[in-house]
Amino acid sequence: MIKLDNLSLKMTKTEVEEKFTGYFDNWVCQLEAFLQFLLRASDENSSNNTDTDIAKKWDSEALVAQLTSHHKDYYTAKWAAAHEDVLAFFAPAWLSPLENSCLWITGWKPSMMFRLVESVRLTRLPGGSLAGMTDSQLEKMEELRGKIRLEEEKVEMEMERQQVAMADRRMVELARLSSRVIGRGGSGGDGGDEVTTAAQIDGLVEAALKNLLGGLERVMKMADCVRLKTLKGLLEVLSPMQCVDFLAAKSMVQIQLRKWGKKKDNDRRNHVEIRENSQ
């Protein structure tokens with residue numbers, strides 16, 4: 001049976017996790033504020049006052065630029081933190097299990113954005129501008145979708161290469177030597193091995209893991225670059241008001257998923273506490 005004290009130890013955060021949790025909470029709060037502006041802009045677009053069309057377009061473009069910058073700031077902070085502790089981003093402590101279950105290599109899957117555009121076009125929510133996409137826009141979006149899918153496959157192949165590398169001869173030999181050292185109280189011991197001490201084994205393991213973590217950091221950045229390329233590509237295809245509705249939908253999904261995940265997590269914890277107290 002798993003005890004609560006073991007669970008609390010598991011939930012202890014590293015320094016990077018602590019700092020990024022605070023950063024991410026603040027980033028999401030700012031995203032919620034941006035969402036309100038996006039929704040307001042979308043609502044105002046429903047009026048047909050041609051005297052304000054130019055002003056609306058300028059406001060929409062400025063708002064899209066600010067939110068785009070907000071997303072870029074996130075990746076700048078993410079890459080800086082990941083350079084210190086990349087593993088923190090493959091199992092983010094600042095996300096709920098529900099949010100983590102939706103991740104594709106430390107973030108949202110790029111091809112999901114095309115499905116999002118299609119859903120907004122059909123539902124006309126949060127605004128109806130995407131329903132008016134032209135044939136030319138749809139053609140450009142499909143072309144972009146094909147390019148992004150190829151980029152996703154490249155990232156997935158590189159991630160697979162990193163994972164498979166855990167079973168190469170060097171890692172297997174290190175695992176064997178480590179097991180032998182543990183079994184013989186700190187020495188490889190049979191005289192035939194060049195590496196015989198726990199300290200030497202630990203040094204080799206540390207070097208191997210450093211190489212592995214460097215590979216994971218590269219894959220993470222590859223995935224993030226595809227995400228940014230997808231966002232940039234779609235915003236170039238869409239009109240200013242369509243960008244507003246698209247970004248509003250993207251923000252809503254992210255914010256609500258976070259709220260649902262937190263509620264689900266709290267329900268799970270309450271269930272554990274009730275079960276423990278009843279025993």
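Here's a quick walk through the core, one lone acidic residue and the aromatic rings of this predicted model.

**The core**

Start with the largest nonpolar core, which has 55 residues. Phe24, Phe89, Leu234, Phe246 and Leu247 make the most contacts inside it. Six helices each chip in at least two residues: H2 (15-44), H3 (53-84), H5 (112-123), H6 (135-164), H8 (198-237) and H9 (240-277). The top contributor is H2, with ten residues. To see the packing around Phe246, look for its contacts beyond four places away in sequence: Met113, Leu116, Val117, Leu130, Leu231, Leu234, Leu235 and Leu238.

**A buried acid**

Asp85 sits in the loop between H3 and helix H4 (97-101). What is the nearest side chain of opposite charge to Asp85? That's Lys19, 12 Å away, and Asp85 has no salt bridge even though it is buried. Leaving out residues up to four places away in sequence, Asp85 touches Thr14 and Val16.

**The aromatic rings**

There are nine aromatic pairs in the structure. In one of them, Phe20 and Tyr23, the ring centres are 5.4 Å apart and the planes meet at 45°, so the pair counts as tilted. Both residues belong to helix H2 and are three residues apart, about one turn of the helix. Here's how the two partners compare for exposure:

| Residue | Relative accessible area | State |
|---|---|---|
| Phe20 | 3% | buried |
| Tyr23 | 26% | partly exposed |

Phe20 and Tyr23 also belong to one aromatic cluster, together with Phe24, Trp27, Tyr74, Tyr75, Phe89 and Trp94. Of these, Phe24 and Phe89 also appeared above among the residues with the most contacts inside the core.

Note on methods. Residues are numbered from 1 along each chain as its sequence is written. This is a predicted model: local features need pLDDT of at least 70, side-chain atom pairs count only at pLDDT 80 or more; totals for chains, interfaces and linings use all residues. Side-chain values use heavy atoms; hydrogens and water are left out. A nonpolar core is a set of buried Ala, Val, Leu, Ile, Met, Phe, Trp, Tyr and Cys residues joined through side-chain atoms within 4.5 Å. Buried means under 20% relative accessible area, exposed over 50%, partly exposed in between (1.4 Å probe, protein chains only). Helices (H or I, at least four residues) and strands (E, at least two) are DSSP runs, numbered from the N terminus. Contact means heavy atoms within 4.5 Å. Lys and Arg count as positive and Asp and Glu as negative; His and the chain ends are not counted. A salt bridge is a side-chain nitrogen of Lys or Arg within 4 Å of a carboxyl oxygen of Asp or Glu. Rings of Phe, Tyr and Trp (its six-membered ring) pair if their centres lie within 6.5 Å; planes under 30 degrees apart count as stacked, over 60 as edge-to-face and the rest as tilted.
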